[in-house]
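Work through these exercises with the sequence and the model open. Try each task before you read its solution.

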Amino acid sequence: MNKVISSTEDRMKKSIASLNEAFAGIRTGRAQAGVFDKLKVNAYGSQTALKETASISVPEARLVVIQPWDKTLIGEIEKAILASELSLNPSNDGKVIRISIPPLTTERRKELVKYAKAQAEQIKVAIRNIRRDGNEEIKKLLKDGQITEDDESKGSADLQKKTDSYIEQIQRLLDEKEKEITEQ
């Protein structure tokens, strides 16, 4: 039964990691290198992560500087940024790409908060589904005679505690992200 609980918790941890990844991709009014994590660049005929082709730095609160290791990729990096859903306007001087991060409008902030809430809700649902799967596995162990009814109720209670803990963690992450988005 401990195996069921630990594998269920591992799946819950992966869901939280997925939420953190989704939140890192949400552009706020401040410059963040993390918004470029999922960006792919056409480098030498294959799609390569931007962070594998250039260094990304944030020298000021509203400025991102991308310095390609191979200067011939500067045009491809610029194209990838323009084609992305980030709505950013890069400027390149032949050596580096500078991206000025414009302040978010009130309407855009509301859209981003709504998106963040939807992402958090998706992960909450995933956590609950993982709990359900774990409970089903525990019931199967009971049915097969591998555990007692006391073990089954204890296991279900443990899963519920873990579920509640992860749901609270998701809410904290959402509250932090919402605060970050709405700050001006």
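**Exercise 1. Which residues does Leu 50 touch, leaving out those up to four places away in sequence?**

Solution. Step one: the model is a predicted one. Step two: find Leu 50 and skip its neighbours up to four places away in sequence. Step three: list the contacts. Leu 50 touches Phe 36, Leu 39, Val 41, Ile 56, Ile 66 and Ile 77.

**Exercise 2. Place Leu 50 in its nonpolar core, and find what else builds that core.**

Solution. Step one: count. The largest nonpolar core has 20 residues. Step two: look for the residues with the most contacts inside this core. They are Phe 36, Leu 50, Ile 66, Ile 77, Ile 81 and Ile 99. Step three: turn to the elements. Two or more residues come from each of β1 (40–43), β4, α2 (74–83) and β6. The top contributor is α2, with 4 residues. Step four: look elsewhere. Another core, of 19 residues, lies apart from this one, and its members include Ile 16, Ala 116, Ile 127 and Ile 167.

**Exercise 3. Describe strand β4 and its partners.**

Solution. Step one: locate the strand. β4 covers residues 63–68, and 5 of its 6 residues are buried. Step two: take the partner β3 (residues 54–60). The pair is antiparallel, with 5 bridges. Ile 56 has Ile 66 of β4 as its bridge partner. The two strands make a hairpin, with 2 residues between them. Step three: take the partner β6 (residues 97–100). β4 and β6 also run antiparallel, joined by 4 bridges. Here Leu 63 stands opposite Ser 100.

**Exercise 4. Is Thr 48 buried or exposed?**

Solution. Step one: locate Thr 48. This residue sits in strand β2 (residues 46–49). Step two: read its relative accessible area, which is 15%. Step three: compare with the cut-off. Buried means under 20%, so Thr 48 is buried. Step four: name its contacts beyond four places in sequence. They are Leu 39, Lys 40, Val 41, Ala 43 and Thr 53.

**Exercise 5. How do helices α1 and α4 pack?**

Solution. Step one: recall what is needed. Two packed helices are described by the angle between their axes and the distance between the axes. Step two: read both values. For α1 (residues 2–24) and α4 (residues 149–182), the angle is about 10° and the axes are 11 Å apart. Step three: classify. Angles under 35 degrees count as roughly parallel, so α1 and α4 are roughly parallel to each other. Step four: sort the contact by class. It has 10 nonpolar, 5 polar and 5 charged residues. Among them are Ile 5, Met 12 and Phe 23 from α1, and Leu 159, Tyr 166 and Leu 173 from α4.

Notes: Residues are numbered from 1 along each chain as its sequence is written. This is a predicted model: local features need pLDDT of at least 70, side-chain atom pairs count only at pLDDT 80 or more; totals for chains, interfaces and linings use all residues. Side-chain values use heavy atoms; hydrogens and water are left out. Buried means under 20% relative accessible area, exposed over 50%, partly exposed in between (1.4 Å probe, protein chains only). Two strands pair if DSSP finds at least two bridges between them. Axes are lines fitted to C-alpha atoms, for helices over the stretch in contact, and angles run from 0 to 180 degrees between N-to-C directions. Angles under 35 degrees count as roughly parallel, over 145 as roughly antiparallel, 65 to 115 as roughly perpendicular and the rest as oblique. Contact means heavy atoms within 4.5 Å. Ala, Val, Leu, Ile, Met, Phe, Trp, Tyr, Cys and Pro count as nonpolar, Asp, Glu, Lys and Arg as charged, and the others, Gly among them, as polar. A nonpolar core is a set of buried Ala, Val, Leu, Ile, Met, Phe, Trp, Tyr and Cys residues joined through side-chain atoms within 4.5 Å.
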